[in-house]
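Let's take a walk through this structure together, one neighbourhood at a time. Please have the sequence and the 3D view ready.

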Amino acid sequence: MHVFPARSTAFLTGVALALICGCGGSSDAGPRNSPAGPVPVVASTNVYGDVVEQIGGDRVRVVSIISDPAQDPHSFEASTRNQLELSRAKVVVENGGGYDDFVRSMLRTAKNSSADVVNAVEVSGRTPPANGELNEHVWYDFPTMGRLADRIADALARTAPADADVFRQNARTFKDKLTLLQAEEQQIKAAHAGTAVAVTEPVPLYLIEASGLRNSTPAAFSEAIEEGDDVSPRTMQQTLDLFTGKRVEALVYNAQTAGPQTEKVEQAAEDNGIPVVPVTETLPPGEDYISWMTDNLDALKTALDE
């Protein structure tokens, strides 16, 4: 999803020059092999920020650019503080795949070419399907998150080699927890393989597919919602028919970017007794990545068992 439009070059350049000249950038932050204090890390969202914290513990200082679950990612605008933090970062974790292009733009403006940038889509190894677009929401793909944990541990180890063993052990612990999530996906698959569900956007599709479920949403609907476009009347009717005709067992609903069109679909599901499973793109308050995904899987399982 191309959801984070970058600010204009003029704005970023002006802000960055003022901050960097007054406060210093990455060039005066000390040698990479001997950072003073915790490793400064910037993550594009608090999803990746939390993973870094689980791997780095008190040996990292993490700033997540998108951290408010009420923030619609479509309307995100970079702040001067984001720019400053990126200028100082030793490690940067981005989603990639067009999701958060603002990160690279701000890094270039900050002239921070020494930061070790970890790109989740690149780590995933996923590529667009033939005649289709890549689903860039790879944080819903647990195998990718396991590989990402190792890549983050490696990046932190390069910056703070004395703590390398700690980082890699924490990554192993995180991956053990991911194994439990994958086991829950397999439990859903064993009970509900082939069950049809609907989505408002492709955000949770990796989790849905790994759970053995079939996405019956018209592609034109989810693509329009993802791009912020209007859904045609014909496509909207086809989508509503999924609920009036009881052709799906659940609606998995991106609550973070809701609008009139998705609310109409949600209402149709509720009116026809179809369970609605809300998901988000960033961590809810009080959750970490593992507890959040556990809640998502539990909610999906409960909906399908009704």
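**A walk from the aromatic rings to the pocket**

Both tyrosine 140 and tryptophan 292 are buried. Before going further, please keep in mind that this is a predicted model.

How do the rings of tyrosine 140 and tryptophan 292 sit relative to each other? Their centres are 5.7 Å apart and their planes meet at 65°, so the pair is edge-to-face, given that planes over 60 degrees apart count that way. The contact also links distant parts of the chain. Tyrosine 140 lies in the loop between helix 5 (120-124) and helix 6 (142-159), while tryptophan 292 belongs to helix 12 (residues 289-305), and the two are 152 residues apart.

Now look at tryptophan 139, which is buried, as is tyrosine 140. The rings of tryptophan 139 and tyrosine 140 have centres 6.2 Å apart and planes at 50°, so this pair is tilted. Zooming out, a search of the whole structure turns up six aromatic pairs. One aromatic cluster is formed by Tyr48, Tyr99, Trp139, Tyr140, Phe174, Tyr289 and Trp292, so you can place both of the pairs just described within it.

Next, please turn to the strands. Strand 7 (residues 251-254) and strand 8 run parallel and are joined by four bridges. If you want a landmark, find leucine 251, whose bridge partner in strand 8 is valine 276. Together with helix 11 (residues 260-271), strand 7 and strand 8 make up a right-handed β-α-β unit.

Which residues of strand 8 are buried? Side chains alternate along this strand, residues 276-279. Val277 and Val279 point to one face and are buried, whereas Val276 and Pro278 point to the other face and are not. Val276, then, the bridge partner of leucine 251, is on the face that is not buried.

Our last stop is the largest pocket, with a volume of about 490 Å³. Its lining consists of 21 residues, and those nearest the centre of the pocket are Glu133, Asn135, Pro202, Leu205 and Glu223. By class, the lining is made of seven nonpolar, seven polar and seven charged residues.

Which helix gives the most to this lining? That is helix 9, with five residues. Helix 8 (205-210) and helix 9 (219-227) each supply at least two lining residues, so following these two helices in the 3D view is a good way to find the pocket wall.

How values were computed
Residues are numbered from 1 along each chain as its sequence is written. This is a predicted model: local features need pLDDT of at least 70, side-chain atom pairs count only at pLDDT 80 or more; totals for chains, interfaces and linings use all residues. Side-chain values use heavy atoms; hydrogens and water are left out. On a 1 Å grid over the protein atoms alone, a cavity is a set of points where a 1.4 Å probe fits but cannot get out, and a pocket is an open set with protein on both sides within 12 Å along at least five of seven lines; lining residues have an atom within 4 Å of a point. Grid points are joined across faces, edges and corners, and a volume is the space filled by probe spheres set on the points. Ala, Val, Leu, Ile, Met, Phe, Trp, Tyr, Cys and Pro count as nonpolar, Asp, Glu, Lys and Arg as charged, and the others, Gly among them, as polar. Rings of Phe, Tyr and Trp (its six-membered ring) pair if their centres lie within 6.5 Å; planes under 30 degrees apart count as stacked, over 60 as edge-to-face and the rest as tilted. Buried means under 20% relative accessible area, exposed over 50%, partly exposed in between (1.4 Å probe, protein chains only). Two strands pair if DSSP finds at least two bridges between them. A crossover is right-handed if, with the strands pointing away from the viewer, the path from the first strand over the helix to the second runs clockwise.
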